[in-house]
Structure formats: structure tokens, C-alpha cells
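Please read the following note beside the sequence and the model. It is written for a student who is meeting strands and sheets for the first time.

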Amino acid sequence: MQKSYDIIVVGGGHAGCEAAMAAANLGASVLLLTMDALSFAKMSCNPAIGGIAKGQIVREIDALGGYMGIVTDASTLQFRMLNRSKGPAMWSPRAQCDKIAFSQNWYKILVSNSFISIYEGIAVSFLFENRIISGVCTSTGAIFKSQAVVLTAGTFLNGKIFIGKTEFPGGRIGESPSLGLTEQLVSMGISTSRMKTGTPPRIDIRSINLNEAVIQYGDAA
């Protein structure tokens, strides 16, 4: 299989979804390449949009015409303004979302855009012509040509999972990492590094005395 697009976006996380929509809304034909078409912008840990610092980023994305805020509005379970006990400069908007609905709502937006094609697969190498990017090749041998490639593989790119002193390859727990692309970038003289994310520990609800817990309700309006 070989097809051509104006832009290829590798990775269907938050950044990849926004990049695909931004390019498509400018009239470019876009291929969105993802490992799992049912997990667009998957909320891996705490299913919240906003909070300290991140709330500002969401506002900036919204101001630039992005869709994170729109998808959040359609998926919100609870909204709460954090840090109201402090001054207004410390207030921070946070929306707790239905993580399954969040991915589903992103899927609806992406498939409704006629400029976007979605392909479920794993990019294993970039294609170059005279050291200029010209497309990608997938693990099944499918070749997609393009004028530009946007790489948004995130923590999956040569990803590792650390549990205590144990480490093993992975994007998220139970999911494969994206391998091959990092080595190719290094061979082209591009420096790479890995950013660490932190996942909070899972607690068995049966081990908690819920009578001692405080219910935090969302804001009334």
C-alpha cells in the first residue's frame, strides 16, 4: 500500500489530535497514524483537564482554535475551581472527565473532518529523499508519502515503564512502545532524550475507611 498526503501525524494522543485538526482546518490532507483508533487522546492516569499550570495551557489551546476545551465540555463529569482559599492568582479551573467519552468525542470530531484519514498501525521508520522527510513506513510495510511529518509519539517513543526497580519496554502499561524511530533520528544527527512522567499509585478502595474521607463536590455553576 502506498498513498500520499500533505501531512502525516504520527501518534493519536492529545498533541497528535490537535495537530491533525489544525492542519486539516488549513486545508491540508492529513493522515493520522495511531496504534489504537479507539484511544485518541487517552487519559491514562487522572482523567482531568486543567489544574495548576495545565489550566493555562488549555486556555491557550482554546484561544488558538484547538479542540481540547470543546472535547472537555462534552465529556465533563465535574468542574471545580481549585485553590479558592488563596488569592485569585492561584485559582485554577479543573474538569474531571469521563475518560472513555473523552476519547469517543475526539474520534467523532476527527472522523467528521473530510481532510483527515485515520490509519491504525505502527510507524517504524521515516522516509527521506536527499535528507528531506518524505513519509513513513509502518510495521506491516505500508508506505505513506507526505510533504511533512509531525511526530507526536510522546512517552511511547522508545518508551520504558518503571515499577520500583523493575523496568521494561512499554508506552502505557500493557501497550507496546514505538521502536525504531528514535534510532533513525539519532542516525540523522538529531539529539533525543526521554522525559519522565509519574503515575500515582492505585489504591484498593476496600483498604480505605470511606467514613474518614471527605467528599469534594463540583462547583454548582
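The points below deal with a sheet, its central strand and a hairpin.

1. The structure is a predicted model, and the remarks that follow should be read with that in mind.

2. The sheet is open and consists of 3 strands in the order β3-β5-β4, with antiparallel pairing. Its edge strands are β3 (48–50) and β4 (76–82), each of which pairs on one side only. From one strand to the next, the twist averages 20 degrees.

3. The pairing of β4 with β5 (residues 92–97) is antiparallel and rests on 6 bridges. Two positions illustrate it: Thr76 has Cys97 of β5 as its bridge partner, and Gln78 stands opposite Gln96 of β5.

4. β3 also pairs with β5 in the antiparallel sense, here over 3 bridges. Within this pairing, Ile49 has Ala95 of β5 as its bridge partner.

5. Why may β5 be described as largely enclosed by the rest of the structure? The reason is that 6 of its 6 residues are buried, where buried means under 20% relative accessible area. Ser92, Arg94 and Gln96 point one way from β5, while Pro93, Ala95 and Cys97 point the other way; all are buried.

6. A hairpin is formed by β10 and β11, with 2 residues between the strands. Strand β10 (residues 160–163) and strand β11 (residues 166–169) pair over 4 bridges in the antiparallel sense. Ile161 stands opposite Phe168 in β11. In this hairpin, Gly164 takes a positive phi near 65 degrees.

How values were computed:
Residues numbered from 1 in each chain as written. Predicted model: local features only at pLDDT ≥ 70, side-chain atom pairs only at ≥ 80, totals over all residues. Heavy atoms only, no water. Pairing = 2+ DSSP bridges. Axes fitted to C-alpha atoms, helices over the stretch in contact; angles between N-to-C directions. Buried < 20%, exposed > 50% of the residue type's maximum accessible area, 1.4 Å probe, protein only.
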